[in-house]
Amino acid sequence: MIEAVGLTKRYGDKTAVYNLSFQVRPGAVTGFLGPNGSGKSTTMRMILGLDNPTAGQVTIGGYPYRRLPNAPRQVGALLDAKAVHGGRSARSHLLSLAQLSGIPARRVDEVLGVVGLHDVARRRSRGFSLGMGQRLGIAAALLGDPQVLLFDEPVNGLDPEGILWVRNLMKALAAEGRTVFVSSHLMSEMALTADHLIVIGRGQLLADMSVTDFISANSADFARVRTPDTEPQQREKLSAAITEAGGHVLPEQDGALRVTGLALPRISDIAHDSGVRLWELSPHQASLEEAYMRMTQGAVDYRSTTDRKAGLQQPLPPGAQPPVPVPGQGQPGWYAPPPPQQGGGQPFAASQGGPAQVPAGPYGAPDVPGTAPGAPTPNPYAQPDPPALRTSSGPAVPAAPAVPPTAPAPAADPTKPEDAR
């Protein structure tokens with residue numbers, strides 16, 4: 001078990017962590033959440049003895065990390081996946097860690113297989129992708145088969161298969177009775193992985209409770225109600241009846257109603273008594289992301305602003321009107337319409353009663369007066385026939401007939417061997 005009591009860390013006049021107290025119990029995956037700069041990494045570094053607290057203490061199994069006998073056999077951690085010598089192979093990196101901790105070499109091959117790097121064990125780590133580096137860091141954390149594990153952003157850079165693997169790995173480790181402490185910014189993944197949450201903001205504790213309790217305490221559940229779109233009077237009738245019964249009604253952008261303060265069976269009874277047909281009556285529970293944003297909205301240090309593109313937009317000419325916003329643009333499911341076709345028709349559609357007419361090219365000449373209908377149009381850029389050649393002492397010799405151009409030789413097939421070409 002990890003226990004922090006009054007943990008405080010200051011860097012000069014900057015307080016990174018202040019009076020932080022919590023417990024990470026075995027047998028569950030505990031998520032560690034907080035905005036950027038809230039002190040999560042600093043807290044993990046103090047747990048592992050990399051930073052000394054200014055005040056308070058943090059222990060693992062009742063002892064500070066530095067006093068644990070053979071700590072790598074009891075605590076495994078992934079804080080920085082890039083903390084690897086790029087010239088070493090994955091196996092050499094893990095083998096050096098194993099030799100420092102008295103871990104047998106066969107364990108190296110075991111964890112390489114667990115994280116899926118057995119086939120690239122001899123490759124130098126400098127050529128690893130971000131996801132492969134994360135897998136190598138997880139292998140280093142599992143090397144000593146520890147009872148306490150700390151992971152800082154373990155799914156960073158992993159593909160969907162890797163994220164699912166990490167999720168199942170965390171749950172399996174906790175099911176074995178180990179202490180699993182995971183820091184992440186992916187709320188959707190934490191909702192599927194964590195059993196308990198510790199949330200901090202600006203170095204102070206904001207919440208220490210289960211995922212279910214955290215969502216319930218920081219969100220309001222509501223019912224989504226929809227009546228026939230073609231009968232708006234029924235929507236108004238139902239809204240009045242729900243309000244009279246003590247509920248609160250808010251209209252949604254798509255025409256549905258958001259109802260709070262009444263249970264779903266009660267809403268159904270009100271609609272039945274009012275003679276209103278329902279197209280939808282569904283419960284809605286806020287996600288972990290919504291609850292987290294509500295909880296930490298006052299503890300965010302870095303906020304984005306709207307890009308006004310100052311100096312980059314061309315001013316409108318005198319008398320010009322600004323563009324009219326497109327109805328529905330920006331709403332879910334909206335797509336830009338296709339550009340209109342010139343002439344109002346399809347450019348390659350065949351005309352009725354005849355074959356498709358190919359539009360004239362940029363150098364097509366109009367019909368020449370005096371030519372027969374259907375006759376080919378003379379080429380205005382054609383060269384005149386060469387005159388008959390005359391000899392000094394004989395009749396004129398007609399010019400040699402034009403030689404038709406020779407067809408180009410077929411290109412060599414690159415798939416055939418050189419001898420077969």
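In this predicted model, the charged end of Lys9 sits over the ring of Tyr11. The distance to the ring centre is 5.0 Å. A second such arrangement involves Arg258, whose charged end lies over the ring of Phe222, 4.0 Å from its centre. Aromatic rings also meet one another. The count comes to 3 aromatic pairs. Phe22, Phe32 and Phe181 form one aromatic cluster.

Confidence was examined next. The protein has an average pLDDT of 82, and 76% of the residues score at least 70. Among the elements, strand E7 (residues 179-183) has the highest mean pLDDT, at 97. Strand E14 (residues 389-391) has the lowest, at 49. Two stretches fall under 50. One covers residues 344-356, for which the model has 3 contacts beyond four places in sequence. The other covers residues 361-365, again with 3 contacts beyond four places in sequence. Where pLDDT is low, predicted coordinates should not be read in detail.

The protein contains 10 helices and 15 strands. Of its 421 residues, 34% count as buried. Contacts link distant parts of the sequence: among those between residues at least 6 apart, 65% join residues at least 24 apart. The exposed surface amounts to about 26,900 Å², and carbon and sulfur atoms supply 54% of it.

Nonpolar side chains tend to be buried together in soluble globular proteins. Here, the largest nonpolar core has 47 residues. Ile138, Phe151, Val180, Leu197 and Phe214 have the most contacts inside it. Helix H5 (residues 160-175) provides the largest share of this core, 7 residues. A second, separate core has 23 residues, including Ile2, Phe22, Leu48 and Val75. Phe22 of this second core is also a member of the aromatic cluster. In the largest core, Ile138 is one of the residues with the most contacts. Beyond four places in sequence, Ile138 touches Leu78, Val115, Phe151, Pro154, Trp165, Val166 and Leu169.

Helix H1 (residues 40-47) contains Thr43. This helix is mostly covered, with 6 of its 8 residues buried. The buried residues are Lys40, Thr42, Thr43, Met44, Met46 and Ile47. Thr43 counts as buried because its relative accessibility is 0%, against a cut-off of under 20%. Neighbours within four places aside, Thr43 is in contact with Leu7, Val17, Leu20, Phe22 and Phe32. Two of these partners, Phe22 and Phe32, belong to the aromatic cluster with Phe181. After H1 comes Gly49, whose phi is positive, near 75 degrees.

Positive phi values also occur outside glycine. Most residues other than glycine have a negative phi. Asn19, which is not a glycine, has a positive phi of about 50 degrees. Asn19 is found in strand E2 (residues 14-24). With a relative accessibility of 47%, Asn19 counts as partly exposed. Asn70 likewise has a positive phi of about 50 degrees and is not a glycine. Asn70 lies in the loop between strand E4 (55-60) and strand E5 (75-78). Its relative accessible area is 39%, so Asn70 is partly exposed.

Conventions
Residues numbered from 1 in each chain as written. Predicted model: local features only at pLDDT ≥ 70, side-chain atom pairs only at ≥ 80, totals over all residues. Heavy atoms only, no water. pLDDT = per-residue confidence, 0-100. Helix = DSSP H or I, 4+ residues; strand = E, 2+ residues; numbered from the N terminus. Contact = heavy atoms within 4.5 Å. Buried < 20%, exposed > 50% of the residue type's maximum accessible area, 1.4 Å probe, protein only. Areas by Shrake-Rupley, 256 points an atom, 1.4 Å probe, with all protein chains shown as cover. Phe/Tyr/Trp six-rings, centres within 6.5 Å; stacked < 30°, edge-to-face > 60°. Lys NZ or Arg CZ within 6 Å of the ring centre and 35° of its normal. Core = buried A, V, L, I, M, F, W, Y, C linked by side-chain atoms within 4.5 Å.
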